[in-house]
Amino acid sequence: MSITYTWTIVGLPAYPQAEGQTDVVFQVNWQCLASDGTYSATSVGSVPVTYTAGSPYTPYADLTEEQVWGWIDPDLDKPAIEVNLQDLIDKQANPPVITPPLPWSN
């Protein structure tokens with residue numbers, strides 16, 4: 001069964017004022033949900049971002065998801081995260097360790 005990975009930006013913490021701009025994002029919080037239809041696993045994380053005065057600036061309300069992914073994609077090892085999530089799902093489907101009931105218990 002194939003695994004579907006759903007990547008989402010879940011938060012953009014921002015400074016109210018920084019470098020002469022308002023609502024300046026300093027971190028991108030992301031989540032990846034992996035599912036094979038039966039089992040699922042989630043990974044979450046954050047990537048710091050820095051705005052430098054004089055650089056092009058997009059007002060917070062005008063940011064797009066595509067633009068924000070562009071900021072963090074170079075710093076995010078998506079293939080490694082997806083491999084880890086697949087491993088977690090594989091272990092749910094075929095647990096490497098189990099705890100059966102005690103043989104003398106009913």
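In the predicted model, strands S2 and S3 pair in the antiparallel sense over 4 bridges. Strand S2 covers residues 14–18 and strand S3 covers residues 21–25. Within this pair, glutamine 17 stands opposite threonine 22 of S3. The two strands form a hairpin with 2 residues between them. Glutamate 19 lies in the loop of this hairpin, and its phi is positive, near 50 degrees. Most residues other than glycine have a negative phi. A second residue with a positive phi that is not a glycine is aspartate 23, with a value of about 50 degrees. Aspartate 23 is located in strand S3. Its relative accessibility is 39%, a value between the limits of 20% for buried and 50% for exposed, and aspartate 23 therefore counts as partly exposed.

The protein chain contains 2 helices and 5 strands. Read from the N terminus, the order of these elements is β-β-β-β-β-α-α. An open sheet is formed by 3 strands, arranged in the order S1-S4-S5, and the pairing is antiparallel. Strands of a sheet pair through backbone hydrogen bonds, in either a parallel or an antiparallel manner. The edges of the open sheet are strand S1 (4–11) and strand S5 (40–48), each of which pairs on one side only. From one strand to the next, the twist averages 20 degrees. Strand S4 comprises residues 27–35 and pairs with S1 in the antiparallel sense over 7 bridges. In this pairing, threonine 4 stands opposite serine 35 of S4.

Both helices are placed across the strands of the open sheet. Helix H1, residues 65–72, lies across S1, S4 and S5 and runs at about 95 degrees to S1. Helix H2, residues 78–93, also lies across S1, S4 and S5. The angle between H2 and S5 is about 155 degrees.

The largest nonpolar core consists of 20 residues. Val28, Trp30, Ile72 and Leu76 touch the most other members of this core. At least two core residues come from each of S1, S4, S5, H1 and H2. The greatest contribution is that of S4, which gives 4 residues. When residues up to four places away in sequence are not counted, isoleucine 72 touches Ile9, Val28, Trp30, Val47 and Val49. Of these partners, Val28 and Trp30 are, like Ile72, among the core residues that touch the most other members.

For the chain as a whole, 25% of the 106 residues count as buried. The accessible surface comes to about 7,200 Å², and carbon and sulfur atoms account for 53% of this area. Contacts were also examined by separation in sequence. Among contacts between residues at least 6 apart in sequence, 54% join residues at least 24 apart. The radius of gyration of the protein chain is 20 Å, whereas a compact globule of 106 residues would have a value near 13 Å. Along its principal axes, the C-alpha trace spans about 70 × 30 × 20 Å.

Conventions. Residues are numbered from 1 along each chain as its sequence is written. This is a predicted model: local features need pLDDT of at least 70, side-chain atom pairs count only at pLDDT 80 or more; totals for chains, interfaces and linings use all residues. Side-chain values use heavy atoms; hydrogens and water are left out. Two strands pair if DSSP finds at least two bridges between them. Axes are lines fitted to C-alpha atoms, for helices over the stretch in contact, and angles run from 0 to 180 degrees between N-to-C directions. Contact means heavy atoms within 4.5 Å. The radius of gyration is taken over C-alpha atoms; the globule rule is 2.2 Å times the number of residues to the power 0.38. Buried means under 20% relative accessible area, exposed over 50%, partly exposed in between (1.4 Å probe, protein chains only). Accessible areas come from the Shrake-Rupley method with a 1.4 Å probe; for residues, only the protein chains shown count as cover. A nonpolar core is a set of buried Ala, Val, Leu, Ile, Met, Phe, Trp, Tyr and Cys residues joined through side-chain atoms within 4.5 Å.
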